[in-house]
Structures are given as C-alpha cells and as structure tokens.
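Welcome! Here are some short exercises, each with a worked solution to follow at your own pace. Please take a look at the model before you begin.

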Amino acid sequence: MSKLEEMLKYVSEHNDFYKNRIKEYGIKDPTDITQWPVLTRKELQENRYNMFSDGYKSKYFNQQLRRQSSSGSSGVPVNVYWDYKDWYASNMSLWRKRLQWYGIHPNDKYVMFTLNALNIKNDGETVYYIKKPENILSVNVSLIKNHNGYDKLVDIINDFEPKWLYIQPFVLNKLIQAYKRTDKTPPTTLKYIESIGELLSSDLRRRALEFFEVPLANMYGSEEMSGIAYESPNQQMYVLNDNVLLEIMNENGISNCGEGETIITNLNNIAMPLVRYNQGDIIEVANINSSRCNTQIIHNIGGRKLQEVIIDNTSINAFAFSEAISTINNQFDDVIMNFQFLYSRSSGKLLCKLVLDATRNEWFSSVQAALIYVFKQKFNILLSNDDIIQLAYFETDGYKQRTIIIEE
C-alpha cells in the first residue's frame with residue numbers, strides 16, 4: 001500500500017470530518033484519491049477545529065500540537081495543527097534534498113527572517129533577534145524600517161558567521177543594498193541561500209548570485225503543507241512527493257500534469273489531514289520521466305489566483321509586477337527602494353506605491369514614464385498619463401513616496 005493510500009485509509013477510519021465526506025459524496029473506495037472532493041479554503045476555515053483525527057483533539061486542548069498559521073488573502077487565519085513527530089517527518093523530505101544537493105545539514109548555522117512585529121514600538125533602527133537554538137539566528141525584519149537598521153543587520157549576520165540564509169526575496173534585496181551601501185562583504189562561511197515565501201524574480205536571482213557568489217535555490221512551500229517543491233542545482237523545481245501529492249485543477253478536471261490551481265494532499269499530517277486541499281496557487285507541472293507523471297517538476301509558479309488582476313483583458317499576477325519593477329531598477333540603477341501593488345476589485349483600480357532613493361526623488365517623472373512603457377511592452381496594455389496615472393505625494397520613513405493608480 002502506498003503512502004497516499006495509507007493516509008486515505010487512515011482518515012476514512014479515524015477522522016469524523018472525512019467520514020462525513022465519504023457519506024456526503026458517496027465515496028465507494030476511500031483509498032482512491034480520484035473519488036475525493038476538493039477541500040476549499042473556506043471549508044478549512046469553517047471546520048478547522050472539527051478536523052482532528054481520533055485522539056488529537058485532546059492533544060490540541062492540552063497544547064501538545066504544533067500550530068502553523070497562514071493569514072491568506074482573505075485576512076482570516078487558517079490554522080493547521082501537527083503532531084510534532086509528523087511535522088519533523090514532513091520536513092525531513094526537504095532536509096534530505098538540502099543535504100544531497102547543497103551539503104546543508106540541520107545543525108549548520110543559518111539566519112532566518114521572521115515577519116512578526118510582536119507589538120513592539122520600535123525606532124526602526126534597532127534590530128531584534130534571538131539565537132535559539134544556538135545554530136539559528138532569527139531576525140525580526142518587520143521592525144527594521146530604514147537604512148540604519150539594515151546596515152546594523154549586516155554586522156549582526158557577519159558576526160554570526162552563518163553557513164546559509166533562509167530568506168524572503170524582499171529581505172534579500174534589502175540585504176544586498178545594505179552590503180553595497182556599507183561597502184562590506186558577506187561572511188566567508190556563507191555557502192548557500194534559500195529563497196522562500198514570495199516569488200523570486202529573475203533579476204534579483206541574477207544580482208544575488210553575482211554578489212554572494214554562492215548557490216541559490218527556491219523552496220516552494222506553505223504553512224499548511226510545509227515543503228511542496230525544491231529547486232535542484234540544475235534549476236529544476238522538483239515536487240517533494242514523499243511529503244505531498246500535488247495535483248492540478250483546470251477546466252479539464254484534476255490531473256497530475258498541466259497548468260491550473262494547486263490541489264495538494266499532505267502525506268504526513270495525521271493530526272489534521274488535508275486531503276485535496278485547494279491552496280490557490282496557479283502553477284504549471286510537467287513530468288520528466290513518462291506520461292504517468294511519476295516525477296513531477298514545476299515549470300512555472302504564476303502566483304495566487306486572488307492576486308491576479310484583469311486590465312484591458314490581460315491577466316497580470318504579482319510575479320509579473322515584480323518583474324516590471326526589476327526592469328525599471330535595471331534601467332535606473334536600483335532607484336526604487338520599495339514598492340507595493342494594491343488592487344481594488346470594487347473600484348477597478350491598481351495602486352502602485354513606490355519609495356525612491358531619497359537622493360534621486362527628482363527622477364520620479366522619468367521612472368513614471370518608464371513604468372508606463374514597461375506595462376505597454378510587457379503586458380500589451382495601453383496606458384495614458386492623463387487618464388490612468390494619478391500622483392499622490394506624502395512622506396514615509398524620510399523618503400518621498402508616490403502612488404501610481406492604474407485603472408482598467
């Protein structure tokens with residue numbers, strides 16, 4: 001019996017939520033994944049305290065389970081609970097690949113960058129961090145608001161002498177800027193960088209490889225599932241099929257290959273199993289061995305479906321926006337220090353908030369014109385200075401921040 005069949009057999013016998021789904025959907029063979037319905041995010045939110053397998057609800061009440069929380073685009077937290085032994089088993093899939101492909105061991109020293117602010121009122125410059133356990137430096141980057149904070153972070157990282165970084169792309173970008181600004185070099189102990197969370201643009205990958213001169217790999221995962229796929233040294237994103245079953249849903253139904261929404265079954269979480277969970281990402285999956293899709297690779301991660309916007313009948317996602325900003329920074333030598341895209345479905349407006357280098361605020365008109373040109377070239381969208389772009393000026397963190405409003 002395969003690992004998937006063992007999980008499906010277990011939930012059919014030891015989980016009341018899935019027993020009810022078997023009755024509701026008339027499932028004849030619970031070990032056949034094709035008979036199971038898709039679990040939506042809404043269903044998970046509404047039933048998150050009713051999905052414990054036998055014996056695990058008492059562990060939940062006694063705080064003996066590990067909670068993984070994902071806020072999601074709706075703003076309503078999704079909490080997934082794990083038995084600690086299953087959480088470690090789930091992560092072993094990723095650790096085996098790290099060791100095999102990049103020589104990274106769990107005991108190696110590394111830096112991770114947390115995003116929780118912890119209700120601390122901060123001056124924007126003080127760097128809050130902990131070393132627990134001793135081989136992990138956890139830095140709270142949510143509280144770093146200006147150049148001085150990131151400049152101090154460079155010294156903290158260098159003093160720690162990590163072997164690798166577990167880092168989000170936006171933090172990686174700021175870290176490169178801080179090293180260049182302070183004219184300091186990364187620690188000689190650094191051998192590897194792992195990009196997580198948001199999508200890594202091709203431009204930032206190039207700049208990181210050129211600056212740090214160490215291997216860089218993408219890790220695609222989620223709080224609900226742990227690791228989903230991992231990038232090999234040949235830049236192929238392999239699905240971690242001993243941790244998850246990944247399927248694709250589109251207009252043709254659900255299959256193991258193709259392009260569409262991610263439908264994922266975790267193969268390790270016994271406490272709160274997720275069977276055919278619709279995570280909401282849009283990806284393209286292919287098989288490198290045979291038409292049976294035994295070994296899956298991800299060709300493209302298009303971003304969250306809810307992050308897509310439609311302008312002039314053209315679908316644009318967050319990754320495309322990031323690429324557009326990268327194009328501008330290539331032209332203007334990193335003039336854009338920070339950016340944010342906000343889309344309102346009700347008003348049909350897309351806000352692009354830019355923070356420019358304080359020494360080059362007068363470049364804004366040129367940056368504005370270049371951004372309009374990039375949208376035309378990349379997305380074939382006809383924009384107009386008068387009708388589409390409006391400007392709002394205000395101060396933030398010592399920089400001039402302008403808002404560009406792009407309307408449908």
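A residue counts as buried under 20% relative accessible area, as exposed over 50%, and as partly exposed in between. Keep in mind that this is a predicted model.

**Exercise 1. Buried or exposed?**

Task: Decide whether E213, S226 and K42 are buried or exposed, and say where each of them sits.

Solution:
- Step 1. Begin with E213, in the loop between α8 (202-212) and β8 (216-222). Its relative accessibility is 68%, so E213 is exposed.
- Step 2. Go on to S226, which belongs to strand β9 (residues 226-231). With a relative accessible area of 9%, S226 is buried.
- Step 3. Finish with K42, part of helix α3 (residues 41-47). The relative accessible area of K42 is 52%, so K42 is exposed.
- Step 4. For one more look at K42, find V78: 36 residues separate the two in sequence, and their C-alpha atoms are 9.3 Å apart in space.

**Exercise 2. Backbone angles to look up**

Task: Find the sign of phi for E213 and for S226, and say whether the peptide bond from K132 to P133 is cis or trans.

Solution:
- Step 1. Start from the general rule: most residues other than glycine have a negative phi, and most peptide bonds are trans.
- Step 2. E213 is not a glycine, yet its phi is positive, near 55 degrees. S226, also a residue other than glycine, has a positive phi near 70 degrees.
- Step 3. Now look just beyond two helices. E161, just after α6, takes a positive phi of about 55 degrees, and D183, which follows α7, has a positive phi near 60 degrees.
- Step 4. Turn to the peptide bond from K132 to P133: omega is near -5 degrees and the bond is cis. P133 lies in the loop between β4 and β5.

**Exercise 3. Two helices that meet**

Task: Describe α6 and α7, and work out how they pack against each other.

Solution:
- Step 1. Take α6 (residues 147-160) by itself. Its 14 residues reach 20 Å from first C-alpha to last, close to the 20 Å expected at 1.5 Å a residue.
- Step 2. Ask which residues of α6 are buried. They are G149, Y150, D151, L153, V154, I156, I157, N158 and F160. Their cover includes β3 (110-114), β4 (129-131), β5 (136-140) and α7 (169-182).
- Step 3. Do the same for α7. This helix has 14 residues and also reaches 20 Å between its end C-alpha atoms, close to the expected 20 Å. Because 10 of its 14 residues are buried, α7 is largely enclosed by the rest of the structure. Among the buried ones are P169, V171, L172 and Y179.
- Step 4. Compare the directions. The axes of α6 and α7 are 9 Å apart, and the packing angle is about 85 degrees. The two helices are therefore roughly perpendicular to each other.
- Step 5. List the residues that meet. From α6 these are H147, Y150, D151, L153, V154, I157 and N158, and from α7 they are F170, K174, L175, A178, Y179, R181 and T182. By class, eight residues of this contact are nonpolar, three polar and three charged.

**Exercise 4. A second helix pair**

Task: Find how helix α1 (residues 3-14) and helix α2 (residues 16-25) are arranged.

Solution:
- Step 1. Their axes come within 6 Å and cross at roughly 95 degrees. An angle of 65 to 115 degrees counts as roughly perpendicular, so α1 is roughly perpendicular to α2.
- Step 2. V11, S12, E13 and H14 in α1 meet D16, Y18, K19 and I22 in α2. This contact has three nonpolar, two polar and three charged residues.

**Exercise 5. Two strands and their loop**

Task: Describe how strand β13 (residues 258-266) pairs with β14, then study N268 in the loop between them.

Solution:
- Step 1. β13 and β14 are antiparallel partners, paired over six bridges. One place to look is I264, whose bridge partner in β14 is Y277.
- Step 2. Check the cover of β14 (residues 277-287): 10 of its 11 residues are buried, so the strand is mostly covered.
- Step 3. Move to N268, in the loop between β13 and β14. Its relative accessibility is 8%, so N268 counts as buried.
- Step 4. See what surrounds N268. Beyond residues up to four places away in sequence, it touches K3, M7, W82, D86, A89, S90, D242 and N243. The C-alpha atom of K85, 183 residues away along the chain, is 9.4 Å from that of N268.

How values were computed. Residues numbered from 1 in each chain as written. Predicted model: local features only at pLDDT ≥ 70, side-chain atom pairs only at ≥ 80, totals over all residues. Heavy atoms only, no water. Helix = DSSP H or I, 4+ residues; strand = E, 2+ residues; numbered from the N terminus. Expected span 1.5 Å × (residues − 1). Buried < 20%, exposed > 50% of the residue type's maximum accessible area, 1.4 Å probe, protein only. Contact = heavy atoms within 4.5 Å. Axes fitted to C-alpha atoms, helices over the stretch in contact; angles between N-to-C directions. Parallel < 35°, antiparallel > 145°, perpendicular 65-115°, else oblique. Nonpolar A, V, L, I, M, F, W, Y, C, P; charged D, E, K, R; others polar. Pairing = 2+ DSSP bridges.
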